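Got your viewer open? Let's take a walk through this model, one selection at a time.

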Amino acid sequence: MSWWQRLKKVFSIKRIDDDFWYSLEEILIEGDVGVDYAIRLVEEIKGLKPSSSEEAKGILREKLKELLNYDFPSWLLSPSGNLEVLLLVGVNGSGKTTSVAKLGKWLSDRGASVMLAACDTFRAAAIEQLEVWGKRLNLRVVRSEPGSDSGAVLYDALSSAKSRGADYLLVDTAGRLHTKHNLMEELKKLGRIAEKSLGYSAKGLLVLDATTGQNALRQAEVFSRNVSLGGVILAKYDSMARGGIVIALKSELNLPVFFVGTGERESDLEIFSPDAFLDRLLS
């Protein structure tokens with residue numbers, strides 16, 4: 001039985017007693033909502049003294065809707081007139097390179113001029129993968145040889161994007177979390193290069209594998225301490241067994257999920273809908 005189904009089953013219990021509250025708290029924690037927030041949430045619902053499990057579910061929905069009530073950023077909806085540089089960060093294996101391509105297609109489908117920068121220079125496969133995506137989607141990719149300086153690649157990409165009047169430059173970055181200090185210093189360097197070239201900051205988007213639950217939250221904590229993040233792309237959302245990571249990202253780190261990956265195809269990227277998420281969770 002999936003997490004979604006188990007949560008729904010709790011609310012099929014007619015009698016509200018200590019077992020009901022214990023079961024609700026336990027399932028929220030198991031779904032990666034986060035221990036502290038799950039306990040606080042259940043206490044808040046209990047304090048409102050719902051007369052039925054259906055009323056308790058309605059209160060839970062309202063509280064989660066309030067938590068997830070954030071605006072989709074205007075800088076993703078339409079070009080601002082200035083070059084927007086988006087640094088996509090995350091650990092290797094999170095779906096980062098594929099998410100760069102999917103976001104590139106999503107933006108170009110809406111009329112924006114998009115370029116890609118292959119700044120994960122430590123992995124030859126990442127460079128080759130981004131080139132394949134670029135050809136398939138008709139998006140220009142700026143790259144260099146494996147082992148090249150990622151900052152030099154970004155500098156070239158910025159120059160090219162500005163000269164071509166691009167609306168967006170999407171930057172695929174390295175993700176070697178096991179060498180955390182070096183990785184974070186490299187990401188900070190890319191941010192400085194972008195800001196010096198543009199006169200304003202690049203925007204960070206964190207790519208997380210939705211199936212990894214609390215591990216994804218720990219990754220988000222590390223990246224958010226070192227990189228200025230605007231929000232999250234949740235990859236592999238289609239196979240997510242536990243959905244609470246969406247809640248935990250916002251409640252613990254104030255990180256909104258902007259996009260979800262719903263499959264392997266380049267078109268399988270959707271704007272995250274809190275209402276659809278809550279319908280799936282609680283209806």
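Which residue lies over the face of Trp 75? Select Lys 203: it is at 5.3 Å from the ring centre of Trp 75. A charge counts as sitting over a ring if NZ of Lys or CZ of Arg is within 6 Å of the ring centre and within 35 degrees of the ring normal. For another case, pick Arg 136, which lies over the face of Trp 133 at 4.5 Å from the ring centre.

Before moving on, a word about what you are looking at. This is a predicted model, where local features need pLDDT of at least 70 and side-chain atom pairs count only at pLDDT 80 or more, while totals for chains, interfaces and linings use all residues. Residues are numbered from 1 along each chain as its sequence is written, and side-chain values use heavy atoms, with hydrogens and water left out.

**The sheet**

Switch to a cartoon view and find the open sheet of eight strands, in the order β3-β2-β4-β1-β5-β6-β7-β8, with mixed pairing. β3 (140–142) and β8 (269–271) stand at the edges with a single partner strand each, so one side of each has no neighbour in the sheet. From one strand to the next, the twist averages 25°. Strands (E, at least two residues) and helices (H or I, at least four) are DSSP runs, numbered from the N terminus, and two strands pair if DSSP finds at least two bridges between them.

Now select 203–209 and 229–235: these are β5 and β6, paired in the parallel sense over six bridges. Gly 204 has Leu 229 in β6 as its bridge partner. Next, add helix α7 (residues 124–137), which packs on the sheet and touches β2 (114–118), β3 and β4 (168–172). Contact here means heavy atoms within 4.5 Å. The direction of α7 makes about 165° with that of β2; axes are lines fitted to C-alpha atoms, for helices over the stretch in contact, and angles run from 0 to 180 degrees between N-to-C directions.

**Rings**

How many aromatic pairs are there? The count is nine, where rings of Phe, Tyr and Trp (its six-membered ring) pair if their centres lie within 6.5 Å, and planes under 30 degrees apart count as stacked, over 60 as edge-to-face and the rest as tilted. Select Phe 20 and Trp 21 for an edge-to-face pair, 5.0 Å centre to centre with 75° between the planes. Both Phe 20 and Trp 21 are buried, meaning under 20% relative accessible area (exposed is over 50%, partly exposed in between, with a 1.4 Å probe and protein chains only).

Then jump to Tyr 237 and Phe 272, whose planes stand at 85° with centres 6.5 Å apart, so this pair is edge-to-face too. Tyr 237 is in the loop between β6 and α11 (245–253), and Phe 272 is in the loop between β8 and α12 (274–282), 35 residues apart. For a cluster, show Phe 72, Trp 75, Trp 106, Phe 258 and Phe 259 together.

**Last stop: two loops**

Select Asp 32, in the loop between α2 (18–30) and α3 (35–47). Asp 32 has a positive phi of about 75° although it is not a glycine. Most residues other than glycine have a negative phi. Buried or exposed, which is Asp 32? Asp 32 counts as buried, at 4% relative accessibility.

Finish at Asn 254, in the loop between α11 and β7 (257–261). Asn 254 has a positive phi of about 55°, and at 52% relative accessibility it counts as exposed.
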